[in-house]
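Got your viewer open? Load the model, switch to cartoon, and keep the selection box handy.

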Amino acid sequence: MINSIRIQILLLFFSLIFLIVLQTHLSHTALFVISKENDGNQSVVTTKDSLIYDFKNHILDIQKLHSDQSHYTEQHQIVSNLFQVLISLEKLNFSALNKDLELLRLHLNNYNNALNTILNDQLEIQDNKLNIKLSMYQSLNALSVLINRLLLGVTDKLPASNESLQRKIQEVIYIQNVIAVISILFVLIIGMFIMLRIIEPIKYITEVFSQLILRNEINDVPGKYRSDEIGTLAKAAITFHERNLESDKLFSQTQQHNASQVTLNRELVKEKIKAENASKSKSAFLANMSHEIRTPMNGIIGLLDIVLSSKLTIEQRDDLKNISYSTQALMKVINDILDFSKIESGKLLIEKTPFITADFFESFLSNIAVTAENKGLSVKFYCSPELPEVLIGDPLRISQILNNLCINAIKFTHHGEVIISIECEPSQDIKQINLNVKIKDSGIGISKEQQYNIFDSFTQADESTSRKFGGTGLGLSIVKQLVKLMHGEIFLESTLGEGSTFTCSLKLGFEPNKIDDFSVELENLHYFVSKKEPFIADSYFKNLGLKVNYQSIKMLKNISPEQYKSSVILIDIHSLKDYLKIYDEINVKFAHLKIVLILDKILKSPLKTNDLKLSGETLFSPFTFKHFVQFIGKLSQPVNVKPIISNETQQESLSQFDGHILVVEDNMINQIVITKVLKSFGLTYDISNDGQQGLDKVLEINNYDLVLMDIQMPVMDGYTATSKLRALGFTELIICGLSANAMKQDFEKAYAAGMNDYLTKPIDKNEISQVFKKYLCKSEVSNVEQN
């Protein structure tokens with residue numbers, strides 16, 4: 001069975017063409033045959049007519065010669081010619097003249113026989129000759145009559161031949177008409193086929209698709225059982241109908257889902273409002289808690305500083321130091337919680353301020369070294385001398401990152417060391433560098449499983465560790481978020497039981513180093529080191545242009561003092577045991593030589609306990625590159641080395657200011673702490689218990705150089721008091737806000753009220769000193785001391 005409509009139509013089309021070609025071929029063949037037959041008949045008639053005329057002429061010739069007996073021979077020749085003509089007529093096979101030709105042959109034979117008889121002289125009797133001649137004459141007449149009749153017969157037969165030809169032509173025309181009728185019927189059949197098999201099914205299927213487009217229900221699809229294109233189209237219509245049903249079902253489900261989604265969205269909006277309100281409540285709660293906790297903590301820390309600066313027994317000082325350490329730990333927890341809240345709400349902003357690299361790392365290292373020393377851990381610090389002198393970033397947050405990582409390393413290290421490495425490398429942005437920090441410890445390490453969530457909030461290595469070591473679990477989470485805010489990265493490598501290495505990269509701006517040529521004249525420098533990593537990095541020497549002769553510390557016992565008279569000997573001391581091994585050489589054998597001991601800071605207490613003296617110069621690790629340069633400068637006669645003043649010396653020399661301060665504070669303990677701090681800076685002061693009293697004081701006296709304004713106070717708060725002072729024309733008066741609240745909005749609100757600066761409680765001497773440096777003049781006493 002042919003399953004394709006295209007093939008069926010092609011077969012019908014080719015069949016029609018075959019009929020047309022057949023009709024044309026038969027017509028041409030019939031006409032050709034008739035034409036040939038007509039031409040043949042005309043030729044035969046013409047030939048017979050010519051032969052008969054020849055025959056007749058020969059008869060006439062014989063009749064002329066018949067009267068003369070001397071011409072029998074010629075007659076005999078003519079008769080022979082007549083026989084030839086007769087044979088030619090018989091060969092033409094003209095069936096209509098066969099009988100006449102037989103009679104003609106008979107009479108011609110008779111005449112020929114008679115003529116032969118005469119010619120052979122077989123007639124002796126005269127009467128017989130007359131009879132023969134009479135017979136010959138009769139035969140000639142008979143031949144003449146037959147010839148004439150033949151001529152008439154040929155002429156009569158031509159119309160009959162033409163009629164036969166016409167009949168054949170009519171037969172050909174009839175056949176052509178029959179074929180034409182068959183072709184027309186065939187065309188009608190093709191048309192009916194196309195209409196019934198193609199057009200009508202397509203029409204029905206089109207109506208089906210129209211109904212489907214209108215999404216009306218259909219009962220049946222014609223042609224669905226056909227295996228040709230119409231069947232395929234019908235199956236497509238059925239599939240379309242099924243898809244319509246599915247889409248209607250999906251649309252109905254979507255409407256239901258949308259309805260439920262609308263309900264969910266409404267509930268979501270309600271929940272969002274609740275969440276926003278909860279977030280506001282949480283922020284307000286954290287601000288209040290911060291204020292409520294910081295206010296008494298400010299008093300505790302301030303009073304502890306005051307007491308520690310007084311005369312105490314060793315036991316009292318140790319107890320107060322422990323209390324101070326506990327308060328600092330509590331303040332760190334509070335700060336971590338506040339920072340986490342800021343980061344979570346997206347309100348923590350990274351500042352971009354320039355800061356001096358050497359001072360920053362010196363301050364950072366002093367805090368970390370004390371913490372490690374208390375635990376008996378060695379801290380090694382390496383900072384690339386290529387680091388720019390001034391970086392641009394947020395020093396507070398960078399310090400927070402480094403402190404969290406280092407304190408974490410110290411916390412989880414029982415013995416051994418913590419190595420801090422600071423490197424820098426160019427960034428893709430020519431205005432920035434990548435500050436690479438690596439902190440490696442020899443602590444308990446972290447397993448592979450625990451490393452996956454070590455940076456998550458409220459998470460430590462495991463629950464047992466959390467109970468054993470304590471902590472909120474926010475430190476590393478805050479570090480990761482701060483690093484991310486600085487467009488940096490942080491990585492962890494750790495092996496359980498062997499220690500951990502945290503590596504982070506921070507993108508910071510920088511200022512080009514100022515040209516500061518200096519050199520150190522120090523020759524014959526010998527550095528005796530142990531198998532451990534040297535305290536002084538080789539890059540430190542290279543940066544100063546110093547050539548160093550490295551030797552093993554074991555060689556000290558074998559060398560002669562005379563060889564090192566003009567040399568500087570640097571010796572690494574990693575432990576008390578190492579020092580005891582070379583104690584005699586240092587204090588006896590090399591007593592007259594220039595010896596420098598590089599010791600770990602944790603050896604201070606053991607050396608004092610064992611009453612061991614230190615010969616020569618000493619440099620305690622950890623130290624910054626700035627401290628190293630200063631120390632090397634003391635060992636030689638520097639050509640152009642600028643004196644470097646330590647932070648303590650600098651703070652001491654800049655700690656005196658001229659000015660009269662108004663303290664607006666409602667808490668009595670805080671009043672005591674603040675006034676003590678002001679006295680330490682050589683400043684005079686007045687006190688007001690609330691914002692209204694402060695406002696009245698300014699209006700009454702109007703000679704204050706700076707106002708320290710608390711925020712939360714009875715009667716009138718600090719914001720209102722500041723706004724009123726600005727409104728009354730005190731636009732030049734310096735007002736610095738004081739509050740335990742440390743959220744971003746607290747700073748913004750203070751500046752919006754008209755305050756020039758803002759400090760958080762508890763008051764830090766360094767921070768308030770920076771405020772005094774910014775707005776007050778140094779006292780003459782301070783300048784004289786500095787000079």
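What follows is a short walk from the whole chain to a few helices and aromatic rings.

Before selecting anything, bear in mind that this is a predicted model. With the whole chain in view, you're looking at 23 helices and 19 strands. Colour by burial and 41% of the 787 residues come up as buried. The chain exposes about 44,100 Å², with carbon and sulfur atoms supplying 56% of that. Now turn on contacts: of those with a separation of 6 or more, 73% are between residues 24 or more positions apart.

First selection: residues 357–375, which is helix α7. It has 19 residues, and from first C-alpha to last it reaches 27 Å, close to the 27 Å expected at 1.5 Å a residue. Show side chains and pick out the buried ones: Thr357, Phe360, Phe361, Glu362, Phe364, Leu365, Ile368, Ala369 and Ala372. As you look at the spacing, remember that an α-helix has 3.6 residues a turn, so residues three or four places apart point the same way. Step off the end of α7 and you land on Gly376, which has a positive phi, near 75°.

Next, the rings. Aromatic pairs in this model number 16. Start with Phe355 and Phe360, a tilted pair at 5.2 Å centre to centre and 55° between the planes. Both partners are tucked away: Phe355 is buried at a relative accessible area of 9%, and Phe360 is buried at 11%.

Then select Phe541 and Phe628. How are these two rings arranged? Their centres are 5.7 Å apart and the planes sit at 85°, so the pair counts as edge-to-face. Zoom out a little to see what they join: Phe541 belongs to helix α12 (residues 538–543) and Phe628 to helix α16 (residues 625–635), so-called distant parts of the chain, 87 residues apart. Phe541 and Phe628 are buried. Keep those two selected and add Tyr527, Tyr540, Tyr550, Phe623 and Phe625; ring pairs link these residues with Phe541 and Phe628 into a cluster.

For a charge over a ring, go to Phe535: Lys380 lies over its face, 5.4 Å from the ring centre.

Last stop: residues 475–485, helix α11. Which of its residues are buried? Light up Gly475, Leu476, Ser477, Ile478, Val479, Leu482 and Val483. Following α11 is His487, with a positive phi near 60°.

Key:
Residues numbered from 1 in each chain as written. Predicted model: local features only at pLDDT ≥ 70, side-chain atom pairs only at ≥ 80, totals over all residues. Heavy atoms only, no water. Phe/Tyr/Trp six-rings, centres within 6.5 Å; stacked < 30°, edge-to-face > 60°. Buried < 20%, exposed > 50% of the residue type's maximum accessible area, 1.4 Å probe, protein only. Helix = DSSP H or I, 4+ residues; strand = E, 2+ residues; numbered from the N terminus. Lys NZ or Arg CZ within 6 Å of the ring centre and 35° of its normal. Contact = heavy atoms within 4.5 Å. Areas by Shrake-Rupley, 256 points an atom, 1.4 Å probe, with all protein chains shown as cover. Expected span 1.5 Å × (residues − 1).
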